[in-house]
Amino acid sequence: MSAKLIDGKAVAAEVNAETAAKIKELASSGIVPGLAVVLVGDNPASQVYVGMKEKKCNELGIFSRKCVLPQDASMDELMTLIDELNADKRIHGILVQSPPPPQIDERKVIESISPEKDVDCFSYTNVGRILTGDLSGFLPCTPYGVQVLLEKYQVDLASGHTVIAGRSNIVGKPLAAMLMQKGKNANATVTVVHSATRNIEKYVADADVLIAAVGVPEFIKGEWIKPGATVIDVGINRINLPDGKRKLVGDVEFEVAAERAGLITPVPGGVGPMTIAMLMRNTLKSCMKHNHLL
């Protein structure tokens, strides 16, 4: 492997240490950030993710409230809970774990969360701020984590071509908007490719920075990667091996890509730890804004 690994765990640990230090400082004034995570149903993967967030809150000194509703909970029940959390002064961030059961209108739920507590940055209000160049609010956690990784590894976005594979509302679209802004760790020339892009390999091969977020195991072939490129793999997929075991892989064919890239994120241990770290940072930011400290 010729590429240098981008260590998301190490960078996330730095971010979390900064967050914890600030939370400790606030605690001396009796101020404690609070995060509420809402889970509807018993999806095993969602339970794992909620548990990880709860654990990280406890480690950093954030007040954590886990709200679990049954699989058959109604929209009215969920909306009542969100209204309660919006009014709760101990809570500075609210997120509803995705995906919810089919009877839940996820977009309606997102828009019911106060924009001042939308630490996932999924609401029209907060996404709209990014698109208009206002970065004073929250940034979506995974794109934010990607941007911080690029900053820490001193990747110059302004001098090359950035290709984002994927157009989701969670990663692809907001990340493109963030990286093309005027300012620090941005000024990128961005191309977005997706499932309907013809000859997608042509665009990938021209990328000085490739960010893969398509949600398909090893969709980006290693031989497509431009020699010396920076590769950020947002994907995390479980595949079955011939021996019956399961393995986590990204959206990029890692072994071949790592022979060609200059920098590359592993899966796991790349972008994943950054997502939770940025969620904690956003919760702290919300608390500070609520207490007029920003």
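Okay, let's start at one pairing in the sheet: strand 5, residues 161-165, and strand 6 run parallel and are joined by five bridges. Before I go on, keep in mind that this is a predicted model. If you want one spot to click on in that pairing, take isoleucine 164, whose bridge partner in strand 6 is valine 192.

Now zoom out to the sheet these two belong to. It's an open sheet of six strands, paired in parallel, and the order reads 1-11-8-7-5-6. Which strands stand at the edges? Those are strand 1, residues 4-5, and strand 6, residues 189-193. Each has a single partner strand, so one side of each is left without a neighbour in the sheet.

There's a helix to look at here too. Helix 7, residues 172-179, lies across strand 5, strand 6 and strand 7, the last of these being residues 209-212. Its direction is at about 165° to strand 5.

Next, a pair of helices. Two packed helices are described by the angle between their axes and the distance between the axes. For helix 1, residues 8-27, and helix 6, the axes come within 11 Å and cross at roughly 105°. Anything from 65 to 115 degrees counts as roughly perpendicular, and therefore that's what we call helix 1 and helix 6. So who is touching whom? Helix 1 puts in Gly8, Val11, Glu14, Val15 and Glu18, while helix 6 brings Val148, Leu149 and Lys152. By type, the residues of that contact split into four nonpolar, one polar and three charged.

Let's stay with Leu149 for a moment. This leucine sits in helix 6, which covers residues 141-152. Is leucine 149 buried or exposed? Buried: its relative accessible area is 0%. Beyond its neighbours within four places in sequence, leucine 149 is in contact with Ile6, Gly8, Val11, Thr265, Gly270, Val271 and Met274. And here's one more pair to find on your screen: leucine 149 and aspartate 233 are 84 residues apart in sequence, but 12 Å apart in space, going C-alpha to C-alpha.

Last stop, aspartate 88. You'll find this one in the loop between helix 3, residues 75-87, and strand 4, residues 93-96. Why do we call aspartate 88 buried? Because its relative accessibility is 13%, and the cut-off for buried is under 20%. Setting aside the neighbours within four places in sequence, aspartate 88 is in contact with Arg65 and Lys117.

That's my tour, thanks for listening.

Conventions:
Residues are numbered from 1 along each chain as its sequence is written. This is a predicted model: local features need pLDDT of at least 70, side-chain atom pairs count only at pLDDT 80 or more; totals for chains, interfaces and linings use all residues. Side-chain values use heavy atoms; hydrogens and water are left out. Helices (H or I, at least four residues) and strands (E, at least two) are DSSP runs, numbered from the N terminus. Buried means under 20% relative accessible area, exposed over 50%, partly exposed in between (1.4 Å probe, protein chains only). Contact means heavy atoms within 4.5 Å. Two strands pair if DSSP finds at least two bridges between them. Axes are lines fitted to C-alpha atoms, for helices over the stretch in contact, and angles run from 0 to 180 degrees between N-to-C directions. Angles under 35 degrees count as roughly parallel, over 145 as roughly antiparallel, 65 to 115 as roughly perpendicular and the rest as oblique. Ala, Val, Leu, Ile, Met, Phe, Trp, Tyr, Cys and Pro count as nonpolar, Asp, Glu, Lys and Arg as charged, and the others, Gly among them, as polar.
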